[in-house]
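Colleague: I would like a close look at how this assembly is held together. Please take me through it in one go.

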Amino acid sequence: MIPRSPYLIMLWWPILALAIASTGPSQYVLHILIIAGIYVILAQSLHLVLGQLGLLSLGIPAFFGIGAYAETLLSVHFGLDSLLSLVLVAGITFVSGLVIGVPSLRLSSHSFVIVTLSFAMLLQVIAFHWVDVTRGALGFPDIPAPSVLGFSWTDKTSWLIAILILDVVTFAAFIRIKTSRFGRALAATKGNEDLARAVGFSTFRVKLLAFAISGTLAGIAGTAYAHYITFIDPNVFGFSVTENLLIMVVLGGSGTVFGPMIGAVVFTVLPELLRFSPEFRSLLYGVLLLMAMLRFPLGLGELTSRFRRKK
Amino acid sequence: MFDPLFIAQLLLNGLVVGAAYGLAAIGLTLIFGVLEEVNFAHGELYMLASYSLFAAVSFLGLPYGMAVLLVLPIMALVGFGLSQAAILPNMERPFEVTVLSTLAVAMILQSIVRLTAGSTPVNVDTVFETMTFEIAGILFFGQRVLILIVALLSIIAFAVFLRYSRIGLEMRAVAQNRLACQMVGIDLKRIANWSVVCGVVLTGIAGVTMAPLFDLSPDMGVAIVFKSFAVVIIGGMGSAFGAVVAGILLGVVEAFTTGYGSVAVSEGLFFIIMILVLLIRPHGLFGRTVRI
Amino acid sequence: MMSGAILSVKDLTKSYYGVTAIDNVTFNLPSGEITGLIGPNGSGKSTLFDCLSGMSEADSGAVSLNGEQILGKKPEAIAQRKLIRTFQNITIFPDLTLIDNMRVVAQAHSGFGFLREISGGSSIRKHEAEATTLAKHLLEEIELFELRQRKAGEMSYGQQKLLVMGMAMMAHPRIVLFDEPVAGVNPTLIEKMKSHIVRWHSAGVDFFIVEHNLRLIMDLCSSVLMLDRGRILTKGSPEEIVNDPRVIEAYLGGEPV
């Protein structure tokens, strides 16, 4: 499941992306690659809870949005160095993950799904109405370009490089987590939670940490999104990101640690290549998801290999 | 500000909306109570009913009543399809699988509506909308009164069905102890189909009665499912009675907070109350002993 | 509370849905012994184990482990206090290898925080090396060493039951609650399991064993408790228990065989 030297193998994505970029492609192609890069981070975020632990958290947009808004506010009001604000936002979303995770993880798995989804929607409502801070439905246009140690950029090629660096760093951390002893604790918690507790693990803490890390990853993706798209509004808390992520994580090959990466890239690029309209893509994803659940729920390996059905 | 007429008006509005919330939520809680599955297509089914009504009224030129009579059997069929495609195959699997399946159906339904009807909001007009009458200074809008009557009738009819029919009995039995029911030979598939179809039809009734009140848009299901979850959780997952009580309570609360406060507060309130209920009393008001 | 008692239980009561599963159960497990727990199905043995190990919350009573009150503590907290409990049903981690099943138990008792576990470092590596050594040693003892890299879910029933025993030992337990350790296992393997228990006992581990296999109870236990319909029917040495007419009646409902 985890090949030798995964850190090397994961470089397939930046190498491929840079190779494409070096052929002098259009702005559109670069844009797609950048979006794929952002989804690579988000897919890791969902995978950590859904693939790794079997927790269906539909709350990823909550952290994505917190990251986006936090970064925007820090950038617009304080003009911080983007590396610094990235670290700050990571901290903020990590804490948010703890805050949201503590009550949510205590609930039954049914309630967990509903509550995590509701947190995201509540944040959308707040973002919509707390106009003083978030500018409500108007959102924030003209978000300044990032500035790292004095170096700033707006062109897409630089953005691609920046995103790829972020991808490599986050995915390296992701691999590290999965291959570490904590990753084994995650596997034990997922494989048989009662046994994990009987053996001595506080599975609540295991889940909480994974949930918080997942939130942090989503928040990091949000910071990149904010600076790249230069516009955010309450829709960053919306469900459309989750739609894409579910397909990426569920269909992205759960037998390998690179599943989220492959899923993110494939399901960002493919719809564009095939020129699907957003509605059609949504329709297709729905059909694929339904089929996946009908045909392969047990074959989705990490996703649903539960030792005991939690009902 | 504390004008009794204003309060009475708010109360009435709240009751009307609340009854509809309750009705819609029964559909959701029924499926959860009997089958322990969460139907994430709930909101889109409501939306589908509303849009089907719109299509029947606007394109087929049917009067409201006939349109409803056309839409409800369609909803029953859709419910059957949902049961076959997303719920029955996954009953023995981890429930997250059903969540994802029903979510998939939701995505499919919303896309289909977008592709056929477009994303701009549309409107349904019915004859009841223009009817208003006044009693003791309180305005009664025809459509709203209709909603209240239909909701209450549906709830009563369903309660009778649940209590006195054979299928209703079996549904209640399965809700209590699925394994025992299988052992005595109750056909689980049949019960599952019935539960889902009933749930979807009830949701559909809520959809067609409420449709004329607001603009319809393909993403309206999102807000509906959110509110329905809140109602179901507060009322107690699996309790139809709880869903009605919680629905009416929340409808009234919503009316008052919108009337005295703002829409923002009432939207957030649903969620906050739900979280509080989950933390303090996870069974909700009337829920059965679901694992916390 | 008796000094020299490792586990002290007083007036423990637990009801489910109006049915009293265990009813004012009181006993002491002397330190350094292997104690048996027998009783017909439904007598409350598993419920008792659940309450002792923290999986279930008793309604009332007191349980103390080495003098410390543990009633109401979470299962992981009780496990950390070196009371390890196994389950009747298959209780291994199916997707982990045998050796990882073993090592993960040691990991749970390593005392490292999870962030440390992620970042790694020399003390983590050292602990992991020690855990690996112990795991290999134990796997050799229970004759599963060759299969150590195989997934636990692929093992046969008997092999999984053996693995469970090995996993319990990885925690350096003070007392192990074995819930039907040899149920459904073939006789040759049963004899081997008995010898493991004896060997581990002489190394200082106490055992509290639920079993229907009276031979095992007779051979291993120095004292036996009998549970019937939630109450302690009697306690005594294996010989006394087996000849006690109340025991025979409860199990067989009639004349001694």
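Among the two pairs of chains that touch, which has the most contacts?

Modeller: A caution to begin with: this is a predicted model. Of the two touching pairs, chains A and B have the most contacts. That contact takes 37 residues from chain A and 39 residues from chain B. On the chain A side, the elements that give two or more residues are α6 (109–129), α12 (240–251) and α14 (278–295). The largest share comes from α6(A), with 12 residues. By residue class, the side of chain A that touches chain B divides into 21 nonpolar, 10 polar and six charged.

Chain A also meets chain C. Here 24 residues of chain C are in contact with 23 residues of chain A. On the chain C side, α2 (75–80), α3 (98–108), α4 (114–119) and α5 (122–141) each supply at least two residues. The most comes from α3(C), with five residues. This side of chain C divides into 12 nonpolar, six polar and six charged. Chains B and C do not touch. Their nearest C-alpha atoms are 11 Å apart.

One helix of chain A ties into this picture. Helix α8(A) covers residues 156–179, 24 in number. From first C-alpha to last, α8(A) reaches 34 Å, close to the 34 Å expected at 1.5 Å a residue. Its buried residues are A:Trp159, A:Leu160, A:Ile163, A:Leu164, A:Asp167, A:Phe171, A:Phe174, A:Ile177 and A:Lys178. An α-helix has 3.6 residues a turn, so residues three or four places apart point the same way. Within chain A, the buried residues of α8(A) pack against α2 (12–21), α3 (27–53), α9 (181–191), α11 (203–229) and α13 (259–273). From chain C, α4 (114–119) joins those packing partners. That chain C helix is also among the elements that supply at least two residues to the side touching chain A.

Now chain C itself. The domain assignment gives domain 1 (5–91 + 173–252) and domain 2 (93–154). The C-alpha centres of these two domains lie 27 Å apart.

Chain C has an open sheet of four strands, in the order β2-β1-β4-β5, with antiparallel pairing. The edge strands are β2 (19–30) and β5 (68–69), each pairing on one side only. Helix α1(C), residues 45–53, packs on the sheet and touches β1, β2 and β4 (60–65). The direction of α1(C) makes about 65 degrees with that of β2(C). Strand β1(C), residues 5–16, is joined to β2(C) by eight bridges, and the two run antiparallel. In one of the pairings, C:Ala5 has C:Pro30 of β2(C) as its bridge partner.

Strand β3(C) pairs in the parallel sense. This strand, residues 34–38, is mostly covered: five of its five residues are buried. Both faces are covered, with C:Ile34, C:Gly36 and C:Ile38 buried on one side and C:Thr35 and C:Leu37 buried on the other. In a regular strand the side chains alternate between the two faces of the sheet. The partners of β3(C) include β8(C), residues 206–210, paired in the parallel sense over four bridges. There, C:Thr35 has C:Phe208 as its bridge partner. Strand β9(C), residues 223–228, also pairs with β3(C) in the parallel sense over four bridges. In β9(C), C:Leu225 stands opposite C:Leu37.

Conventions:
Residues are numbered from 1 along each chain as its sequence is written. Chains are lettered from A and ligands numbered from 1 in the order in which they are written. This is a predicted model: local features need pLDDT of at least 70, side-chain atom pairs count only at pLDDT 80 or more; totals for chains, interfaces and linings use all residues. The expected span of a helix is 1.5 Å times one less than its number of residues. A residue is buried if 20 or more other C-beta atoms lie within 10 Å of its own, exposed if 12 or fewer, and partly exposed in between; C-beta atoms are placed from the backbone. Two residues are in contact if their C-beta atoms, placed from the backbone, lie within 7 Å. Ala, Val, Leu, Ile, Met, Phe, Trp, Tyr, Cys and Pro count as nonpolar, Asp, Glu, Lys and Arg as charged, and the others, Gly among them, as polar. Domain bounds come from an automatic or database domain assignment. Two strands pair if DSSP finds at least two bridges between them. Axes are lines fitted to C-alpha atoms, for helices over the stretch in contact, and angles run from 0 to 180 degrees between N-to-C directions.
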